[in-house]
Amino acid sequence: MDLPKEFIEKYQKLLGDEAEAFLASLDEKSVIGFRLNPLKRHYKDVDYDLTASVPFAQDGFIGKVSGRSLEHQAGYVYSQDLSAMYVAAVANAQPGDKVLDLCAAPGGKSTQLAEQLNNQGLLVSNEINTKRAKILAENMERIGAKNVIITNESPDNLAKVFKGYFDKIVVDAPCSGEGMFRKDHSAVKYWHKDYPAECAHRQKLILEEAMKMLKTGGELVYSTCTFAPEEDEQIVAWLLENYDLTLEPITKYDGMDSGRPEFADGNEDLTKTIRLMPHHFEGEGQFLAKLKFNGEAVSVAKKKAKKKKKSKTISADELDLWHKFVSDFSSQELNFADQDLRINGDYLYYYNKDWLDINKLKYVRPGLMLGTFKKNRFEPSYALALAVQEAAEENVIELSKDQWAEYVAGNIIFLSGNTRKNGWYLLRCEEKNFAFGKLVNGTIKNFFPKGLRFQA
Ligand SMILES: C[S@@+](CC[C@H](N)C(=O)[O-])C[C@H]1O[C@@H](n2cnc3c(N)ncnc32)[C@H](O)[C@@H]1O
């Protein structure tokens with residue numbers, strides 16, 4: 001790989017004897033991994049080799065998964081670099097926590113955080129870039145969590161709503177991306193000697209807003225995929241200097257290096273941070289730190305007793321249609337309380353009444369999308385099919401792998417010798433729920449989202 005001369009000189013100076021091995025490792029291939037999703041039924045029942053598990057990330061494995069497999073489409077697997085897996089593992093969200101993933105797209109950390117929450121608590125998954133926020137929404141939809149809001153906001157707008165609100169915040173910051181050079185050689189062309197300093201400036205702005213949203217006693221996980229001290233140890237030193245934060249120790253597994261105090265202000269506590277360096281560790285380059293906030297939260301966001309502007313509520317007719325769907329479709333998981341149902345345009349969402357009002361924010365998914373009202377009928381959503389795990393057998397149609405491939409490509413399915421009545425069915429293949437389909441006289445009409453169709 002052609003590395004800029006200034007990059008080489010910088011790391012020769014910083015790493016001394018280690019520099020040669022470090023620079024050479026940027027030309028080597030890294031190990032590829034994936035995670036399984038424990039939110040899914042029979043989640044380990046996948047057609048992938050699970051012998052090489054990753055010791056530091058629950059349900060993490062070494063191996064390659066296909067984006068066109070049933071496992072991927074149904075949200076059972078998520079392809080992820082080994083180093084990236086450690087970030088959310090360190091954040092270690094507990095069921096019931098309120099968690100913010102501030103820089104979330106395409107969703108590696110968010111999918112993992114949602115899995116840790118196990119549908120209890122709340123994950124606000126935010127991405128500032130609208131195009132990337134849509135990709136984030138698609139990836140999160142497959143995971144099938146019921147307690148996720150996806151926003152498309154700047155950190156300062158988000159901080160206006162979620163003051164002192166979160167137990168855990170992950171800032172996987174936009175960075176100079178040096179750790180990605182070996183995976184994506186083209187990333188090198190964006191690098192110039194002042195780039196790390198420019199990124200550090202932006203990282204501080206993001207962290208200032210993140211700190212406004214952290215509860216007293218809450219935890220901040222900061223990570224980058226760069227080796228640049230300006231964006232790593234020096235940012236953590238800046239955080240420690242400006243906020244009442246303490247560094248939490250992080251377990252170091254084989255090949256993980258400590259952060260280097262000499263790269264910042266010499267504070268020995270910086271050894272509690274972690275550097276994943278490609279000449280020692282088999283994943284991509286990554287830096288991470290976990291900090292506990294001991295100070296007083298800015299002010300605590302509370303649910304307003306009276307809403308100034310009333311958002312549209314569900315009408316009696318719509319509620320009837322939803323109740324009819326729930327009574328026809330027997331699954332405990334659809335027993336959402338009526339006061340947790342929200343309407344957005346023609347879409348029906350599950351949005352827990354205890355969550356804060358996000359009407360002033362730009363969002364992509366205000367909760368779990370349940371379906372759409374169309375004239376006098378209700379159509380269950382693709383997101384709901386991926387979120388529901390168990391349903392009565394009478395509501396499920398099991399299809400073959402070939403039929404699954406036909407359906408995800410957008411085709412209708414003919415059921416030979418059909419005796420089932422017309423209506424909505426959860427479609428399942430190899431025990432995995434993968435979509436809803438509408439059965440009409442022995443034919444399953446295709447409701448697979450047009451933009452997501454693919455040839456398996
Ligand atoms: C390293 S990536 C996040 C990767 C993601 N956490 C994952 O695991 O898939 C950083 C993200 O920060 C977003 N970003 C860029 N500028 C930002 C800003 N000023 N505030 C917040 N996020 C920003 C980028 O669009 C990008 O998606």
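Against which elements do the buried residues of α9 pack? I began my notes with this, bearing in mind throughout that I am reading a predicted model.

**Helix α9.** I looked up the helix spanning residues 233-242 and found its buried residues to be E233, I235, V236, A237 and L239. These buried residues of α9 pack against α8 (195-212) and β8 (214-224), and also against β9 (245-247) and β12 (286-293). I set beside this the general point that an α-helix has 3.6 residues a turn, so residues three or four places apart point the same way.

**Helices α4 and α5.** I then turned to α4 (residues 82-91) and α5 (residues 108-117), which pack at an angle of about 35° with 9 Å between their axes. The crossing of α4 past α5 is right-handed. From α4 the contact draws on A84, V87, A88 and A91, while α5 contributes G108, K109, Q112, L113 and Q116. Sorting the residues of this contact by character, I get five nonpolar, three polar and one charged.

**Residue L415.** My last entry concerns L415, which I located in the loop that runs between β19 (413-414) and β20 (423-429). Is L415 buried or exposed, or something in between? I note it as partly exposed, because 15 C-beta neighbours lie inside 10 Å of L415, whereas a residue needs 20 or more to count as buried and 12 or fewer to count as exposed. Setting aside neighbours within four places in sequence, I found L415 in contact with G442 and I444. I also checked L415 against A387, 28 residues apart along the chain, and the C-alpha atoms of the two are separated by 25 Å.

Technical notes:
Residues numbered from 1 in each chain as written. Predicted model: local features only at pLDDT ≥ 70, side-chain atom pairs only at ≥ 80, totals over all residues. Helix = DSSP H or I, 4+ residues; strand = E, 2+ residues; numbered from the N terminus. Contact = placed C-beta atoms within 7 Å. Axes fitted to C-alpha atoms, helices over the stretch in contact; angles between N-to-C directions. Left-handed = near helix turned anticlockwise from the far one by under 90°. Nonpolar A, V, L, I, M, F, W, Y, C, P; charged D, E, K, R; others polar.
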